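Open the model in your viewer and keep the sequence panel visible. The stops below each give a selection to make and what to look for there.

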Amino acid sequence: MGWLTKPASDTQVTHRDRLWLYIVATIIMLLLVIPTFIVIPMSFSDSQYLEFPPSNWSVRWYDEYFGSSKWMRATVTSLQIGVLTMLVATPLGTAAAYALFVSGHRAARAVFMFLITPMIVPVILIAIGTFYAFGRVGLNNTITGLVLAHTVLAAPLVMIVITASLRTYDLNQELVARSLGASRLKAFFAITLPQIKFSVLTAALLSFLTSFDEVIVAIFVSGGVNATLTKHMFAALRDYIDPTIAAISTIMVLVSSVLLLATQFIGNRDK
Amino acid sequence: MENRVDTAGINEHELKTQEAREQLTLLGLAAPAVLAIVAIIVIPVGWLFYLSFVGSDGNFSLEHYQKMVQYKSYARVFLITFQVSLLTTVICILIGYPLAYFLALLPQRWAGIFMLAVLLPFWTSLLVRTYAWLVLLQKKGMLNDFAIYIGLWETPVKLVHNMTGTLIGMAHIMLPFLVLPLYGSMRKIERDMMHAAANLGASPVHAFWKVYFPLSLSGMVAGSLIVFVLCLGFYVTPAVLGGGRVVMVATQITAILENQFDWGAASALGVVLLIATLIILYLAARLLKFDAALFGK
């Protein structure tokens, strides 16, 4: 245990002095992580009642989930909406972030602030607002409607990721290409995009996750055959505790973890 | 723009048109995003704003806002919303500060790995985490079992479908929103500052409170305000873990729409929520700028 008496920094503090901090931080990190992953062992329980640790193991809740046309239909809908949101929000947000970053215009900052308003307006307000407006134009309970709403929620994230990556990128390279006769469009696709491609990929994954995990707008705007996984899950949580939810949650945790680790892995590759 | 050359003497007009054309192209690139926000945020929210001023007779009226002042039930909703938001923020500060401090002390490499403990929950569906707490906190849940096992209490305690459960769940979901900006501001603190303090004879504890803590305040204030504002409009976790007993503004809005289909009343509540959010964010911007001026960042 020699390391304990070694200085923890080049001031007078030793690791022993900081032991309390290490213990407190470990407990907090466990408290953060355990409730996120506890659904995994729970989902393999044999019992009707949610017990932990499970007394008998089984995959019956997965059978239940994969055998249910309601849950399967909802899963497909959520995946569809997530992918479509990703495909719309990524180019939309990237184009806007690029334009505002390149333009030295006075208004650029104001427009940027305007475009990230979906992060400021309370989601419940966006949910009932779109529910009301979509009702007037017949977009409620449609895939298109929810993709539009989710795109607006995901676009600010895309813009923030792309703007951050453009900050570390030397735009003069694009100017060189243009001075050699390339059009702006060509310069962007040939010079800039390849160098920020990992950030674009990160932005795309995050916009998929934003849509896939979104609950509140989905509760209002989606429905019928196009109800999302989260809408059904929320209804199930409010009314009764069905262990099938544990199986679905496990799948959702795995999806987020894999995508997050992917973004961490590719995050710093644009250099 | 870096490509602007000295226009004196050269074909000024031509360059100006080119500049204008350039800005127009860029505007065109940003236009789809602007249009989407107008269509999905501005128009619907503006519509709700309008509806909140339409009375039951179809004319302009302030009745929905008057009701908020007159009825006790509204006062209760506002009070609970404020209470939950404030308590969640305080819990997040108490738990988040040591965690951010720990992460900021680690070498960058290790901090990145331990940061996953914050980021993984952050990117996991809040529905999943709310569900996990529902199970952990129930009477026969793991937390009760554990507390009885170590002798904290003797019979199972009701931890969910009430305020306690709501606060636990909310704090868990909000914590990353505090830790991330706080960690960011802590990372920016120059190590040399602490060395200088030590050199001048300050004990580590003294140096922490006199130098480190004040420098980390801007991140803490920013994070706390984000948490507070997000709590104000929160829906899912209080609805599930509160079990109908913790009625916050968002829960009330949904209830009004589900039970009475009263768009005016629901919109008015939404407008109040939005205005409260905007005021807090405005004050935050002022406060943080003041803070930046104070510390010269």
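Start in chain B, with the loop between α7 (142-149) and α8 (163-187), and select His161(B), which lies in it. This is a predicted model, and the values along the tour are computed from it. Check the backbone of His161(B): its phi is near 65 degrees, a positive value in a residue other than glycine. Is His161(B) buried, partly exposed or exposed? His161(B) has 18 other C-beta atoms within 10 Å and is therefore partly exposed.

**A second positive phi**

Next select Phe261(B), in the loop between α12 and α13 (263-295) of chain B. Phe261(B) is not a glycine, yet its phi is positive, at about 55 degrees. Only 9 other C-beta atoms lie within 10 Å of Phe261(B), so the residue is exposed.

Step back along the chain to the helix that Phe261(B) follows, α12(B). Select residues 249-260 of chain B to show this helix of 12 residues. From first C-alpha to last, α12(B) reaches 16 Å, close to the 16 Å expected at 1.5 Å a residue. Which residues of α12(B) are buried? Colour Val249(B), Ala250(B), Thr251(B), Gln252(B), Ile253(B) and Ile256(B): these are buried.

**A pair of leucines in chain B**

Move to helix α3 (residues 72-105) of chain B and pick Leu87(B). Leu87(B) has 16 C-beta neighbours inside 10 Å and so counts as partly exposed. Now add Leu167(B) to the selection. The two leucines are 80 residues apart in sequence, while their C-alpha atoms are 7.4 Å apart in space.

**The domains of chain B**

Zoom out to the whole of chain B and colour it in two parts: domain 1 (1-51) and domain 2 (71-295). The centres of these two domains, taken over C-alpha atoms, are 38 Å apart.

**The domains of chain A**

Do likewise for chain A, where domain 1 covers 2-60 and domain 2 covers 69-267. Here 32 Å separate the domain centres, again taken over C-alpha atoms. Select the contact between them, to which domain 1 of chain A gives 9 residues and domain 2 of chain A gives 7. Which helices supply the domain 1 side of this contact with at least two residues each? They are α1 (19-37) and α2 (39-43) of chain A. The largest share of that side, 4 residues, comes from α2(A). Coloured by class, the domain 1 side has 5 nonpolar and 4 polar residues, and no charged ones.

**Two helices that cross in chain A**

Hide everything but helix α4 (residues 69-102) and helix α11 (residues 229-239) of chain A, which pack with their axes 7 Å apart. The angle between them is about 135 degrees. α4(A) and α11(A) are therefore oblique to each other. To see what makes the contact, show the side chains of Lys70(A), Trp71(A), Ala74(A), Thr75(A) and Ser78(A) on α4(A). Facing them on α11(A), show Leu229(A), Thr230(A) and His232(A). By class, the residues of this contact are 3 nonpolar, 4 polar and 1 charged.

**Two long spans in chain A**

Select Ile196(A), in helix α9 (residues 184-213) of chain A. How many other C-beta atoms lie within 10 Å of Ile196(A)? There are 23, so Ile196(A) is buried. Draw a distance from the C-alpha of Ile196(A) to that of Val121(A): the pair is 75 residues apart in sequence and 29 Å apart in space.

Then go to Phe66(A), in helix α3 (residues 60-67) of chain A. Phe66(A) has 12 C-beta neighbours inside 10 Å and so counts as exposed. Gly181(A) is 115 residues from Phe66(A) along the chain, and 56 Å separate their C-alpha atoms.

**Where the chains meet**

Finish with both chains shown, and select the contact between them: 73 residues of chain A and 68 residues of chain B. On the chain A side, which helix gives the most? The answer is α1(A), with 10 residues. Colour the chain A side by class to end the tour: 52 of its residues are nonpolar, 16 polar and 5 charged.

Terms used:
Residues numbered from 1 in each chain as written. Chains lettered and ligands numbered in written order. Predicted model: local features only at pLDDT ≥ 70, side-chain atom pairs only at ≥ 80, totals over all residues. Domains from an automatic or database assignment. Contact = placed C-beta atoms within 7 Å. Nonpolar A, V, L, I, M, F, W, Y, C, P; charged D, E, K, R; others polar. Expected span 1.5 Å × (residues − 1). Buried ≥ 20, exposed ≤ 12 C-beta atoms within 10 Å, placed from the backbone. Axes fitted to C-alpha atoms, helices over the stretch in contact; angles between N-to-C directions. Parallel < 35°, antiparallel > 145°, perpendicular 65-115°, else oblique.
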